[in-house]
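Student: I would like a close look at the charged side chains of this model and at how they pair with one another. Please take me through them in one connected account, together with the parts of the fold in which they sit.

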Amino acid sequence: MISEKELAGMVDHTNLKAYADDAAFQKLCDEARNYHFKMVAINPAQVVRCKEKLSGCPVHVGAAIGFPLGQTTLECKLFETRDAIEKGADEIDYVINIAELKNGNYDYIRKEMEEIVKICREANIISKVIFENCYLTDNEKRKVAEIAKEVKPDYIKTSTGFGTGGATVKDVALMKSVVGDKVKVKAAGGIRDLKTALAMVEAGAERLGTSAGVEIIEAYRKQQ
């Protein structure tokens, strides 16, 4: 059985709402600190704010790049990645160019991944590649996972949470079956309770992107 510390250490505590104000980010950071979550997942404009609120704390600040559609140019994503890192981001979650994947332009998907991962690696920053599986066929999921297995970002991730569907146990298992131990898997989108969180971990997820981290840990405590 996974421990509370292990489960909390997998949580990327999330607030990506466009209308979240400073009080919302204070709450996010306070909860992340108090529950020992791994990271706060935020839009790049909030990196400096959250970095300051988490000063002296081991909780990471993670920036969402090309979010949520993935339809900015590679040059924009590279600038956004560098800018977020310069402002204090410890982790980068970027959305692939889904349209180019649909076009079968795998060279573009590889180049995008290689260049963003290279920036992160040189800065000693964790990199995560968001697939947005709700829009992809199983073959497309496998193809991006195969590219990731070669490029070696730190994580591949199921979803943004802004698409038509979120993480599924099936998708986590599929992604993990392709990358094995070469790349970790993050499940995100629709993880709102302990049962779902534990199912994702059982399927192979090592990070959980969720805005319900507090509820999940409190539910874990109640069952002990």
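Tutor: A salt bridge here is a side-chain nitrogen of Lys or Arg within 4 Å of a carboxyl oxygen of Asp or Glu. What you see is a predicted model, and by that criterion the structure holds 25 salt bridges.

Let us begin with Asp-90 and Lys-51, whose side chains meet in a salt bridge with an N to O distance of 2.9 Å. This pair links distant parts of the chain, since Asp-90 belongs to the loop between α4 (74-86) and β4 (91-95), while Lys-51 is in helix α3 (residues 47-53), 39 residues apart. Lys-51 has a relative accessibility of 31% and therefore counts as partly exposed, given that the partly exposed class lies between the limits of 20% and 50%.

A pair with another kind of placement is found in helix α6, where Glu-115 and Lys-111 both lie, four residues apart, or about one turn of the helix. The closest N and O atoms of Glu-115 and Lys-111 are 2.5 Å apart, and the two residues form a salt bridge. Glu-115 is partly exposed, with a relative accessible area of 26%, and Lys-111 is likewise partly exposed, at 42%.

Next comes the salt bridge of Asp-171 with Lys-141, in which the closest N and O atoms are 2.8 Å apart. It again links distant parts of the chain, with Asp-171 in helix α8 (residues 169-179) and Lys-141 in helix α7, 30 residues apart. Both Asp-171 and Lys-141 are buried, that is, each has under 20% relative accessible area.

Beyond individual pairs, salt bridges that share partners join Asp-12, Glu-91, Asp-93, Lys-128, Lys-157, Lys-186 and Arg-207 into one network. For the strands, we may turn to β7 (residues 184-188), which is mostly covered, four of its five residues being buried. Strand β6 (residues 155-157) pairs with β7 in the parallel sense over three bridges, and one of the residue pairs to look for is Ile-156 with its bridge partner in β7, Val-185.

A parallel pairing is also found between strand β2 (residues 39-42) and β3, which are joined by four bridges; within β3, Ala-63 is the bridge partner of Ile-42. Strand β3 (residues 60-65) has five of its six residues buried, so it is largely enclosed by the rest of the structure.

Charges without a salt bridge complete the account. Arg-121, Lys-149, Lys-152 and Lys-182 gather in a patch of positive charge on the surface, and the members of such a patch have no salt bridge and over 30% relative accessible area. Of these residues, Arg-121 has its place in helix α6 (residues 106-122), the helix that also holds Glu-115 and Lys-111.

Among the negative residues, Glu-86 is found in helix α4, and with a relative accessible area of 67% Glu-86 is exposed. Glu-86 and Asp-21 are 65 residues apart in sequence, and their C-alpha atoms are 23 Å apart in space.

For a last point of reference, Tyr-135 lies in the loop between β5 (126-130) and α7 (138-151), where a relative accessibility of 36% makes Tyr-135 count as partly exposed. The C-alpha atoms of Tyr-135 and Gly-163 are separated by 8.0 Å, although these residues are 28 residues apart along the chain.

Terms used. Residues numbered from 1 in each chain as written. Predicted model: local features only at pLDDT ≥ 70, side-chain atom pairs only at ≥ 80, totals over all residues. Heavy atoms only, no water. Patch = residues over 30% accessible without salt bridge, like charges linked within 9 Å, V, L, I, M, F, W, Y side chains within 5 Å. Areas by Shrake-Rupley, 256 points an atom, 1.4 Å probe, with all protein chains shown as cover. Lys, Arg positive; Asp, Glu negative; His and termini not counted. Charge placed at Lys NZ, Arg CZ, Asp CG, Glu CD. Helix = DSSP H or I, 4+ residues; strand = E, 2+ residues; numbered from the N terminus. Buried < 20%, exposed > 50% of the residue type's maximum accessible area, 1.4 Å probe, protein only. Pairing = 2+ DSSP bridges.
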